[in-house]
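Visitor: I'm new to this structure and would like a close look at a single part of it. Could you pick one strand, walk me through it slowly, and then show me how it sits in the rest of the chain?

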Amino acid sequence: MRILLWYWGRRGGGAQYTLGLAQALAGRPGVELSLSVSAQGEFRDRFRNLSVPTDIVDTYRDLSGFATGLLRLPALTRQLIGRARQADVVVSGMTHVWAPLVAPALARSGAAFVQVVHDATPHPGDFGLAWNWRLGRELGAARAAVALSDQVAVALAARAPALPLIRMPLPALLPAAPAAPPAAAGPGALRLLFFGRLRAYKGLDLLRDAFRLLHQSHPGASLRVVGEGDPEACAPGLAGLPGVRLERRWVAEAEIPTLLAEADAVVLPYREASQSGVAPQALAMGVPVVATPVGGLTEQVRPGAGGVLAAAVTAPALAEALAGLMDPARLAALRQEAARAGAAAPDWDAAATALLAGLGRVLR
């Protein structure tokens, strides 16, 4: 099977996902892989080092570059179509700002286009009209769509009932072995981590209120919040709480394993979720995950497998779930569960196998 893997985004989960998939496909027997990726992407050199045919496409670095880049988009689209004619299928690893403009042209050229859909509905706070226009353009051009959770698969089936779906597991985006437990922080201490882009739907306000309740009865608990965004817009007053350490910054890939390994548990207090890339990464390192019972998180964060689900999407329920980790024996048991679950979870090879099987069905 000749696969053109396409992603012109620059960084973050989409770039990590596309790189992991490219690495898994590059050495597969029976697969001829080619790539089209951004020259401004953080993994450009790592894509190039895969030693497969690769187009390094000049996209943009900032808003002004995006505007001038639009002038080059027709030529870049023709270049992508030319590469697609040498492939059996074009797989888009994740949407990006130019994807809804390019995908219909791929379909008109006769290319079999398959979109990996990370989110099938807009998150609360997203501009719904633009979001739905973008997804509609991509699904309308697609021969099939790839869902990374059952929650997304159900939403896609409702939106596009005739569109074939490929269900692919989401592995840990980065290679990781279980980490040694962090050095003890003292009696009654618990080091919690929230990591990722700071967006309203991720429930930072819920975490703020839950941690306030937790800290009142367990003053040794601490919360580290690391990510890019505006925490004050998401959770006013969070930074002023005792025990909270806030770091507004982008985290490079190389730092992520260390960041996770320094935590006793990762917290996902989301109000809505398709799935989380943080959850499988934490479990792969043997770090327990505490989450609210929403969307695809209920598939990823499972009791008995290193996961703790709050009883409800409320601050008291989340505080109660977190308080259970204050027991050292309970936390140690959760770490063991997480390590076993991470070792048994689908890896990139299993994910690539699922994708190839689905593509085989679609392209018959």
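Guide: Let's settle one word before anything else: a residue is called buried when its relative accessible area is under 20%, exposed when that value is over 50%, and partly exposed in between. By that yardstick, 54% of the 364 residues of the chain count as buried. Keep in mind that what you're looking at is a predicted model.

The part I'd pick is strand β8, which covers residues 190–195. How many of its six residues are buried? Six of the six are, so to speak, under cover. You can check this one face at a time. On one side of β8 you'll find L190, L192 and F194, and on the other R191, L193 and F195, with both sets buried. Notice that an arginine, R191, is in that buried company too.

Now look for the partner of β8. Strand β9, residues 221–227, pairs with β8 in the parallel sense, and six bridges link the two. If you'd like one spot to fix your eye on, take F194 in the pairing: across from F194 stands V225 of β9.

With β8 in mind, another strand is worth setting beside it. Strand β5 takes in residues 113–117, and five of its five residues are buried. Again both faces are covered: F113, Q115 and V117 lie on one side, V114 and V116 on the other. The neighbour here is strand β4 (residues 89–92), which runs parallel to β5 and is joined to it by three bridges. In that pairing, S92 stands opposite Q115.

Walk back along the chain from β5 and you come to helix α4, residues 99–108. Seven of the ten residues in α4 are buried, namely A99, P100, V102, A103, P104, A105 and L106. Why might residues a few places apart in a helix face a common direction? An α-helix has 3.6 residues a turn, so residues three or four places apart point the same way. Just past the end of α4, G110 has a positive phi of about 95 degrees.

Next, try comparing two serines. S34 sits in strand β2, residues 32–38, while S51 is in the loop between α2 (44–48) and β3 (54–57). Which of the two labels, buried or exposed, goes to S34? At 10% relative accessibility, S34 falls under the 20% limit and therefore counts as buried. Setting aside neighbours within four places in sequence, S34 is in contact with I3, L4, L5, P53 and R83. S51, on the other hand, has a relative accessible area of 68%, so it is exposed. S51 has another feature to look for: its phi is near 60 degrees, a positive value in a residue other than glycine.

Three alanines take us further along. A310 is in the loop between β13 (307–309) and α12 (315–323), and with a relative accessible area of 5% it is buried. Its contacts, apart from neighbours within four places in sequence, are A291, T292, P293, A317, L318 and A321. T292 is 18 residues away from A310 along the chain, and their C-alpha atoms are 5.1 Å apart.

The other two alanines belong to helix α13: A339, in the stretch of residues 328–344, and A341. A339 is partly exposed at 22% relative accessibility, whereas A341 is buried at 15%. From the C-alpha of A341 to that of M285, 56 residues away in sequence, the separation is 9.8 Å. For A339 and W98, 241 residues apart along the chain, the C-alpha separation is 39 Å.

Finally, step back to the whole chain, where β8 is one part among 14 helices and 13 strands. The radius of gyration is 21 Å, close to the 21 Å the globule rule gives for 364 residues, so the chain is as compact as a globular protein of that length. Along the principal axes, the C-alpha atoms fill a box of roughly 65 × 40 × 40 Å. Of the contacts between residues at least 6 apart in sequence, 66% join residues at least 24 apart. On the outside, the accessible surface is about 14,900 Å², and carbon and sulfur atoms account for 56% of that. As for charges, there are 35 positive and 28 negative ones, with mean positions 6 Å apart.

Technical notes:
Residues are numbered from 1 along each chain as its sequence is written. This is a predicted model: local features need pLDDT of at least 70, side-chain atom pairs count only at pLDDT 80 or more; totals for chains, interfaces and linings use all residues. Side-chain values use heavy atoms; hydrogens and water are left out. Helices (H or I, at least four residues) and strands (E, at least two) are DSSP runs, numbered from the N terminus. The radius of gyration is taken over C-alpha atoms; the globule rule is 2.2 Å times the number of residues to the power 0.38. Buried means under 20% relative accessible area, exposed over 50%, partly exposed in between (1.4 Å probe, protein chains only). Contact means heavy atoms within 4.5 Å. Accessible areas come from the Shrake-Rupley method with a 1.4 Å probe; for residues, only the protein chains shown count as cover. Lys and Arg count as positive and Asp and Glu as negative; His and the chain ends are not counted. The place of a charge is taken as NZ of Lys, CZ of Arg, CG of Asp or CD of Glu. Two strands pair if DSSP finds at least two bridges between them.
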